[in-house]
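Trainee: I am new to this structure and would like a close look at one part of it, the parallel strands and what packs around them. Please go slowly, and start with whatever I need in order to follow the word "pack".

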Amino acid sequence: VTAEKAGYDHFMLKEIYEQPKAYRDTMGARIDDAGKRIVLDEVKMTAQQIQDIHQIHIVACGTAYHAGLVGKSVIESLARIPVEVEVASEYRYRNPIITPNTLVIVVSQSGETADTLAALKEAKRCGARVLAITNVVGSSVSREADDVIVTWAGPEIAVASTKAYTSQLIAFYLLGLYFAQTLGMQEAEVIEETIQALRQLPEQVESILADAEKIKVYAEQISKHDNLFFIGRGLDYAVAQEGSLKLKEISYIHSEAYAAGELKHGTLALIEEGIPVIALATQEELLEKTVSNIKEVAARGAYVMGVGSEGNEEIAKAVDELFTIPRTLPLLTPALSVVPLQLLSYYASLARGNDVDKPRNLAKSVTVE
Ligand code: G6P
């Protein structure tokens, strides 16, 4: 077993450290040699079929659903196709409006999740085309879907998903760019600039991992609490939701992710002296607003850990602790900012003496509806 963990104490930690490789492998030959275009041969849709897509539904469970939340922003901002994201167990039973011009994207690490599979079948029954993003070649989801983008994260053993999630983000970046390029929705320079930034991500993740000790100290502090909050706006909110789920799954600390601007409509009542708040503030154009939300919780006694982009003075002044991530395009920050949150959950779980890789009550793959 030690050998399988390649010297790491847990599969989760090993998988967190495998992310730079997972990013590289998932991008692989899907970017042309010149770094100018996306090559997605596995998507069999013709240019006309892509033009005919009126709406996209992203359907998934758990962490894969959270990848879908990022996917929505990515596709909408790059390709300007309207996207809705829904958990599979809700989508399946509410008679959603699916037409032959709907593309349904199912996201599933295992490709075996019963709710996701049922949603896929329902979508097909209604005449939609289904594209799957999955980590398992030959899985049920990959066999039923019309198009399959495989994430090359390699086997994920820990119940808490890490490298599968981030590889799903990479798949969405590639797909969003591919649609944009096919539809002529972005200038060639924008596509090229995004590709360039994508290619820098693996090294940037490596630099975050080299800073893990910083997170460990903070994780040990929060492990003593029973409640905390994650806040963020836009893509930071999507990542906050994944960070919160990760923490709940393995540390059993109750946490809630909140859209930072929504705090004042209720949750602010729960902020009291000493409560930890993890604030994500990587979105340049929302920064001022997020910083003002950070000040709102800090003024009520919250102990704030910020996650911001390097060189950002404003957030540094507003928080108690700051973890910085390397600079990238605003759209790509989730692929970096989630990494400190994964480490935070890992070390908090460890500090609490939990079974990190096999949290109570949870299964890696849920094959019942
Ligand atoms: C289970 C796992 C989660 C995972 C979810 C969806 O609940 O514990 O980590 O996100 O299933 O799994 P899938 O294989 O469909 O991505």
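Mentor: Two residues are in contact if their C-beta atoms, placed from the backbone, lie within 7 Å. Keep in mind as well that this is a predicted model.

A helix is a plain place to try out the word. In helix H2, residues 19-27, the buried residues are Gln19, Pro20, Ala22, Tyr23, Thr26 and Met27. These residues lie on the same side of H2, because they cover an arc of only 165° around the axis. The helices they pack against are H1 (11-17), H8 (163-183), H9 (188-209) and H14 (334-351). After H2 comes Gly28, which has a positive phi near 30°. The loop between H2 and helix H3 (47-51) holds Arg30. Arg30 has 21 other C-beta atoms within 10 Å and is therefore buried, since 20 or more is the cut-off for that word. With neighbours within four places in sequence left aside, the contacts of Arg30 are Ile38, Val39, Leu40 and Leu174.

Now to the strands, beginning with E6, residues 227-232. Five of its six residues are buried, so E6 is largely enclosed by the rest of the structure. E6 runs parallel to strand E7, residues 254-259, and six bridges join the two. Within this pair, Ile231 of E6 is opposite Tyr258 of E7. To get from E6 to E7 the chain passes through helix H11, residues 235-251, and this β-α-β crossover is right-handed. E6 is also joined to strand E8, residues 276-281, by three bridges, and these two strands run parallel as well. There the residue opposite Phe230 is Ile278 of E8.

From E8 we can step to E9, residues 303-309. Six bridges join E8 to E9, and the two run parallel. Val277 has Val304 of E9 as its bridge partner. The chain makes the passage from E8 to E9 by way of helix H12, residues 287-299, in a right-handed β-α-β crossover.

How many of the seven residues of strand E9 are buried? Seven of the seven are, so E9 is largely enclosed by the rest of the structure. It helps to sort these residues by side, because in a regular strand the side chains alternate between the two faces of the sheet. On one side of E9 are Tyr303, Met305, Val307 and Ser309, and on the other are Val304, Gly306 and Gly308. All of these are buried, which means that both faces of E9 are covered.

The next strand is E10. Five bridges join E9 to E10, and these strands run parallel. The partner of Ser309 in this pairing is Ile325 of E10. Together with helix H13, E9 and E10 make a right-handed β-α-β unit.

Asp320 belongs to the loop between H13 (313-318) and E10 (321-325). Is Asp320 buried or partly exposed? Asp320 has 14 other C-beta atoms within 10 Å and therefore counts as partly exposed. Apart from neighbours within four places in sequence, its contacts are Tyr303, Val304 and Met305. Those three residues are among the buried ones of E9. His57 is 263 residues from Asp320 along the chain, and their C-alpha atoms are separated by 39 Å.

One helix ties several of these strands together in the description. In H10, residues 212-222, the buried residues are Ile215, Tyr218, Ala219 and Ile222. They are on the same side of H10, because they cover an arc of only 105° around the axis. Glu213 and Val217, on the other side of H10, are exposed. What do the buried residues of H10 pack against? They pack against the strands E6, E8, E9 and E10, and also against helix H14. H14 appeared earlier, among the helices that the buried residues of H2 pack against.

The ligand is a separate matter, and a short note will do. There are 15 residues around the ligand, and Gly62, Thr63, Ser108, Ser110 and Thr113 come nearest. Helix H4, residues 62-79, gives the most to this shell, with three residues. By class the shell has nine polar, five nonpolar and one charged residues.

Conventions. Residues numbered from 1 in each chain as written. Predicted model: local features only at pLDDT ≥ 70, side-chain atom pairs only at ≥ 80, totals over all residues. Buried ≥ 20, exposed ≤ 12 C-beta atoms within 10 Å, placed from the backbone. Helix = DSSP H or I, 4+ residues; strand = E, 2+ residues; numbered from the N terminus. Arc of directions from axis to C-beta. Pairing = 2+ DSSP bridges. Right-handed = clockwise from strand over helix to strand, strands pointing away. Near = placed C-beta within 6 Å. Nonpolar A, V, L, I, M, F, W, Y, C, P; charged D, E, K, R; others polar.
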